[in-house]
Amino acid sequence: GRHAPPGGPAGRTGGSRATAPGRGRWCRRATPSREQDVRILNYLLRLEYVLAAFYETAAAEGQLAGEIEQFVSVVGEHEREHVALLQRILGDDANAEPSVDFGDATNNPNTVAATARKLEETASAAYIGQGANVTKLAMIDVARITSVEARHAAWIADILQRDPAPAAADPAKSPSEVSAALRRAGVSISG
């Protein structure tokens, strides 16, 4: 399926790179500022645009019924609310919605469920990866969305009869790791 609203530039996170102690992974570390908030919140807004478009397309094309239909309906509404919240916070600084192509990921209930799991796990990891890089004021809204994305990930895991809480703590993902995960899920984003 294809969702093609007007394109816009992607937000990028700023800050210096530092290795997290004992982890061997790269994480972002910089002094939070309004400018950095705008970059990070636009990055998260871009991800929310993708999620909202996925659920909109899946509802239209996925031949859904039962629990997966309910999941797509409820979570799709949540993702639209996340978009609206981030747009309100960013105001005139909000980037435009990109064009998104989901390939065959929205064609049937099985691919919708499998792709939803990948997207929700990725979204949760993206928020975890950026939460500490925003100002305290922005962190409140980021935390509110992060908890809901984690619930979405647990719900779809349960639908797929997978462990909804396989670890005591979830990993963070950098923007490049998020982009790679989206590509692996079959999501193509432009604009």
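Here is a short chat about reading a helix pair and the salt bridges in this predicted model.

Q: Let's start with two helices, α1 and α4. At roughly what angle do their axes cross?

A: Think of each helix as a rod with a direction, and look at how the rods are turned against each other. Here helix α1 covers residues 34–61 and helix α4 covers residues 136–159. Their axes come within 12 Å and cross at roughly 25°. That makes α1 roughly parallel to α4, because angles under 35 degrees count as roughly parallel.

Q: And which hand does the crossing of α1 and α4 have, left or right?

A: It's a left-handed crossing for α1 and α4.

Q: Which residues of α1 and α4 meet?

A: To read a contact, list the residues on each side. From α1 you have Asp37, Leu41, Leu44, Glu48 and Leu51, and they meet Ala138, Val142, Ile145 and Glu149 of α4. Sorted by class, this contact has six nonpolar residues, three charged ones and no polar ones.

Q: On to salt bridges. How many does the structure hold?

A: A salt bridge pairs a side-chain nitrogen of Lys or Arg with a carboxyl oxygen of Asp or Glu, within 4 Å. This structure holds three. One of them joins the side chains of Asp93 and Arg34, at 3.3 Å from N to O.

Q: Where do Asp93 and Arg34 lie?

A: Asp93 is in the loop between α2 (66–90) and β4 (99–101), while Arg34 is in helix α1, so the pair ties together parts that are 59 residues apart in sequence. Asp93 is partly exposed, at 37% relative accessible area, and Arg34 is partly exposed too, at 39%.

Q: What about Glu77 and Arg80: where do they lie?

A: Look at helix α2: both sit there, three residues apart, which is about one turn of the helix. Their side chains meet in a salt bridge at 2.9 Å, N to O. Glu77 is partly exposed at 35% relative accessibility, and Arg80 is partly exposed at 39%.

Q: Then there's Arg144 with Asp141. Is Asp141 buried or exposed?

A: Check the relative accessible area: under 20% means buried. Asp141 has 18%, so Asp141 counts as buried. Its partner Arg144 is partly exposed, with 49%. The two side chains form a salt bridge at 2.7 Å, N to O. Both residues lie in helix α4, three residues apart, about one turn of the helix.

Key: Residues are numbered from 1 along each chain as its sequence is written. This is a predicted model: local features need pLDDT of at least 70, side-chain atom pairs count only at pLDDT 80 or more; totals for chains, interfaces and linings use all residues. Side-chain values use heavy atoms; hydrogens and water are left out. Axes are lines fitted to C-alpha atoms, for helices over the stretch in contact, and angles run from 0 to 180 degrees between N-to-C directions. Helices (H or I, at least four residues) and strands (E, at least two) are DSSP runs, numbered from the N terminus. Angles under 35 degrees count as roughly parallel, over 145 as roughly antiparallel, 65 to 115 as roughly perpendicular and the rest as oblique. A crossing is left-handed if the near helix is turned anticlockwise from the far one by less than a right angle, and right-handed if clockwise. Contact means heavy atoms within 4.5 Å. Ala, Val, Leu, Ile, Met, Phe, Trp, Tyr, Cys and Pro count as nonpolar, Asp, Glu, Lys and Arg as charged, and the others, Gly among them, as polar. Buried means under 20% relative accessible area, exposed over 50%, partly exposed in between (1.4 Å probe, protein chains only).
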